[in-house]
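Could you walk me through this model, stop by stop? I have it open in a viewer and would like to know what to select next and what I'll find there.

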Amino acid sequence: MGQGGEPRRAQAYDGELGAAVARAQDGDETAFAVAYRIVQPGLLGYLRGIVGDDAEDVASDAWLEIARDLGRFKGDGAGFRGWTATIARHRALDHLRRLRVRPRAAVLEQDVVMDLPGPHTTHDQALESLSTARALELVRGLPQDQAEAVLLRVVVGLDGPAAARVLGKRPGAVRTAAHRGLKRLARQLGVADANDAGVTDGGPRTLGDSK
């Protein structure tokens with residue numbers, strides 16, 4: 001995921017997001033609402049993949065912490081997406097510990113599965129071939145590490161190193177998990193040359209990108 005070239009959808013909003021966060025840190029409540037509007041859809045989709053139907057409650061808890069600690073954040077729009085994803089993941093894991101259950105397999109909800117990326121490589125073709133219902137079925141079946149890596153890269157729109165920071169893993173491990181997850185999806189979809197599917201540490205690919 002990530003072939004360089006034109007900025008992808010998540011990246012396209014990063015300038016606006018970074019500016020909104022800076023204003024919000026100066027006390028602009030309207031700017032905070034803008035930042036929320038940009039970040040929340042991907043964050044909620046990611047949380048649905050971890051805690052299922054409890055995603056909205058966990059997201060609310062995460063945003064309370066984000067608002068409380070906003071003054072401590074330092075970085076740009078892309079950094080803010082990674083920071084909020086880290087907070088959301090911690091709240092999700094706390095929630096699961098309270099329930100004493102393991103993280104659920106990832107689920108891509110219809111509100112985050114929109115137009116899919118263009119066919120640049122086999123894994124892109126796999127994503128492009130997924131209807132919403134098929135995505136729900138296939139991504140749900142991925143091993144947890146693969147599902148979470150794909151969610152962070154594709155739904156939240158993080159690049160490889162940023163996703164690795166969220167997960168507390170080496171970038172290579174996250175890249176491998178995403179590679180395997182997308183390769184598995186490609187194989188299940190019957191995409192040719194599935195063995196060549198790959199994930200780089202370049203810019204993120206997001207569901208909803210144009211070609």
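Start with the whole chain and its contacts. This is a predicted model, and of the contacts between residues at least 6 apart in sequence, 75% join residues at least 24 apart. Switch to a cartoon view and you'll get 10 helices and zero strands. Buried residues account for 49% of the 211 in the chain. Turn on the surface and you have about 10000 Å² exposed, with 46% of that supplied by carbon and sulfur atoms.

**Colour by confidence**

Now colour by pLDDT. The chain averages 76, and 66% of the residues score at least 70. Helix H4 (residues 55-69) has the highest mean of the elements, at 95, while helix H6 (residues 122-128) has the lowest, at 51. Next, select residues 193-200: pLDDT is below 50 here, and the model gives this stretch 24 contacts beyond near neighbours in sequence. Do the same for residues 205-211, where pLDDT also stays under 50 and the model has 37 contacts beyond four places in sequence.

**Into the core**

Show side chains for Tyr46, Phe80, Leu152 and Leu158. Within the largest nonpolar core, which has 43 residues, these four touch the most other members. Helices H2 (14-25), H3, H4, H5, H8, H9 and H10 each put at least two residues into this core. Which helix gives the largest share of this core? That's H3, with 11 residues.

Zoom in on phenylalanine 80. Setting aside neighbours within four places in sequence, its contacts are Leu17, Val21, Ala35, Val39, Ile66, Leu70 and Phe73. There's also a second, separate core of seven residues, and Ala147, Val150, Leu182 and Leu185 are among them.

**Two polar residues under cover**

Select glutamine 40, in helix H3 (residues 29-51). Buried or exposed? Glutamine 40 counts as buried because its relative accessibility is 12%, under the 20% cut-off. Beyond residues up to four places away in sequence, glutamine 40 touches Ala59 and Trp63.

Then jump to arginine 89, which is found in helix H5 (residues 77-99). Arginine 89 is buried too, with a relative accessible area of 14%. Look for the polar contact of 3.5 Å between its side chain and that of tyrosine 46. Apart from neighbours within four places in sequence, arginine 89 is in contact with Tyr46, Glu148, Val166 and Leu167.

**A covered helix: H9**

Val166 and Leu167 take you to H9, where they are among the buried residues. Select residues 160-167: six of the eight residues in this helix are buried. Besides Val166 and Leu167, the buried set holds Gly160, Ala162, Ala163 and Ala164. What covers the buried residues of H9? The cover includes H3, H5, helix H8 (144-156) and helix H10 (171-189).

Check both ends while you're here. At the start of H9, a side-chain oxygen of aspartate 159 comes to within 2.9 Å of the backbone nitrogen of alanine 162. Just after H9, glycine 168 has a positive phi of about 70°.

**Charged pairs**

Side chains of opposite charge can pair when their charged atoms come close. How many salt bridges does the count come to? There are 10.

Take glutamate 65 and arginine 91 as your next selection. Their side chains meet in a salt bridge at 2.3 Å, N to O. This one links distant parts of the chain: glutamate 65 sits in helix H4 and arginine 91 in helix H5, 26 residues apart. Glutamate 65 counts as buried, at 18% relative accessibility.

Stay on H5 for arginine 97 and aspartate 94, whose salt bridge is 2.4 Å, N to O. Both lie in helix H5, three residues apart, or about one turn of the helix. Arginine 97 counts as exposed at 55% relative accessibility, while aspartate 94 is partly exposed at 22%. Select Glu65, Arg91, Asp94 and Arg97 together and you have a linked network of salt bridges.

Last stop: aspartate 69 and arginine 72, with a salt bridge of 4.0 Å, N to O. Aspartate 69 counts as buried, at 8% relative accessibility, whereas arginine 72 is exposed, with a relative accessible area of 66%.

Technical notes: Residues numbered from 1 in each chain as written. Predicted model: local features only at pLDDT ≥ 70, side-chain atom pairs only at ≥ 80, totals over all residues. Heavy atoms only, no water. Helix = DSSP H or I, 4+ residues; strand = E, 2+ residues; numbered from the N terminus. Buried < 20%, exposed > 50% of the residue type's maximum accessible area, 1.4 Å probe, protein only. Contact = heavy atoms within 4.5 Å. Areas by Shrake-Rupley, 256 points an atom, 1.4 Å probe, with all protein chains shown as cover. Polar contact = N/O pair within 3.5 Å; in protein donor to acceptor, adjacent residues only side chain to side chain. pLDDT = per-residue confidence, 0-100. Core = buried A, V, L, I, M, F, W, Y, C linked by side-chain atoms within 4.5 Å.
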